[in-house]
Amino acid sequence: MKTIAFILIASTFLTCKSIQFDQAPPFKITEVSYKKWIGGQPGVSGVNVFINYTSATAVAFDSIYFRNQGVRLEYVSQKENKSIAGYFSTSTGKRTVDLILHKDPKKEVGNAFPERKIPFVLTENEAVVSYKEGKVTKYYKITGLKKSKTDFYQ
């Protein structure tokens, strides 16, 4: 029994690998900033992260991780720059998502996944973008995000 437990624990440690940041991505970040926004209703707010980049080839950006959250990146249409953005919600209002609990798991298919912590330790002005090269997901750490003026909506 001890041998089986040892093998299971050893295999867990052997299969775990830390996430390595790419040091030479196929793009160059030219400008990166973030902007807080506050909505017209109490508790409605967010942070938008904007990244301008250059690249000789098309880049398949996937996600951005910032301040303990991760969201999908979206391509932003601009005339002169290649740009992507991540839109983070920091709203504190009560969410009205109903969970379906049923003895038949097929009836619970519509339930949302629980929130996960991001796999990175980041400071307040750091972010990580993930992108795909072929079928391999790679990560690039961005430091020195500049804060822009907060937008207030009514």
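Ile 51 touches a long list of residues from elsewhere in the sequence: Ile 29, Glu 31, Val 32, Ile 64, Lys 82, Ser 83, Ile 84, Val 129 and Ile 142, leaving out anything up to four places away in sequence. Touching, or contact, here means heavy atoms within 4.5 Å. A word on the ground rules: this is a predicted model, where local features need pLDDT of at least 70 and side-chain atom pairs need pLDDT 80 or more, while totals for chains, interfaces and linings use all residues. Numbering starts from 1 along each chain as its sequence is written, and side-chain values use heavy atoms, with hydrogens and water left out.

Back to Ile 51, which is found in strand S2; helices (H or I, at least four residues) and strands (E, at least two) are DSSP runs, numbered from the N terminus. Its relative accessible area is 0%, so Ile 51 is buried. The accessibility classes are buried under 20% relative accessible area, exposed over 50% and partly exposed in between, using a 1.4 Å probe and protein chains only. One of its partners, Val 129, is 78 residues away in sequence, with a C-alpha to C-alpha separation of 9.9 Å.

Now zoom out to the core. The largest nonpolar core has 20 residues, and the members touching the most others are Val 49, Ile 51, Phe 61, Ile 64, Phe 66, Val 129 and Leu 145. Such a core is a set of buried Ala, Val, Leu, Ile, Met, Phe, Trp, Tyr and Cys residues joined through side-chain atoms within 4.5 Å. At least two residues each come from S1, S2 (45–54), S3 (60–66), S6 (82–89) and S7 (126–133), and S2 gives the largest share, four residues. Take Val 49: beyond four places in sequence, Val 49 touches Val 32, Ser 33, Tyr 34, Ile 64, Phe 66, Ile 84, Ala 85, Gly 86, Phe 88 and Leu 145. There is also a second, separate core of five residues, among them Tyr 65, Ile 118, Phe 120 and Tyr 139.

On to the charges. The count is five salt bridges, each being a side-chain nitrogen of Lys or Arg within 4 Å of a carboxyl oxygen of Asp or Glu. One of them joins Asp 151 and Lys 35, at 3.5 Å from N to O. That pair links distant parts of the chain, with Asp 151 in strand S10 (residues 151–152) and Lys 35 in strand S1, 116 residues apart. Asp 151 is partly exposed at 25% relative accessible area, and Lys 35 is partly exposed at 25% too.

Another salt bridge pairs Glu 124 with Arg 67, their closest N and O atoms being 3.4 Å apart. Glu 124 sits in the loop between S6 and S7 and Arg 67 in the loop between S3 and S4 (69–72), so this pair ties together parts 57 residues apart in sequence. Glu 124 is exposed at 57%, whereas Arg 67 is partly exposed at 27%.

Glu 133 and Lys 138 also form a salt bridge, at 2.8 Å from N to O. Lys 138 turns up again with Asp 22, which is buried yet has no salt bridge: Lys 138 is its nearest side chain of opposite charge, 4.4 Å away. For charge, Lys and Arg count as positive and Asp and Glu as negative, with His and the chain ends not counted. Asp 22 lies in the loop between helix H1 (2–15) and strand S1 (28–38), and its side chain reaches the backbone nitrogen of Ala 24 at 3.1 Å.

Methods. A polar contact is a pair of N or O atoms within 3.5 Å; within protein, one must be able to donate a hydrogen and the other to accept it, and residues adjacent in sequence count only if both atoms are side-chain atoms.
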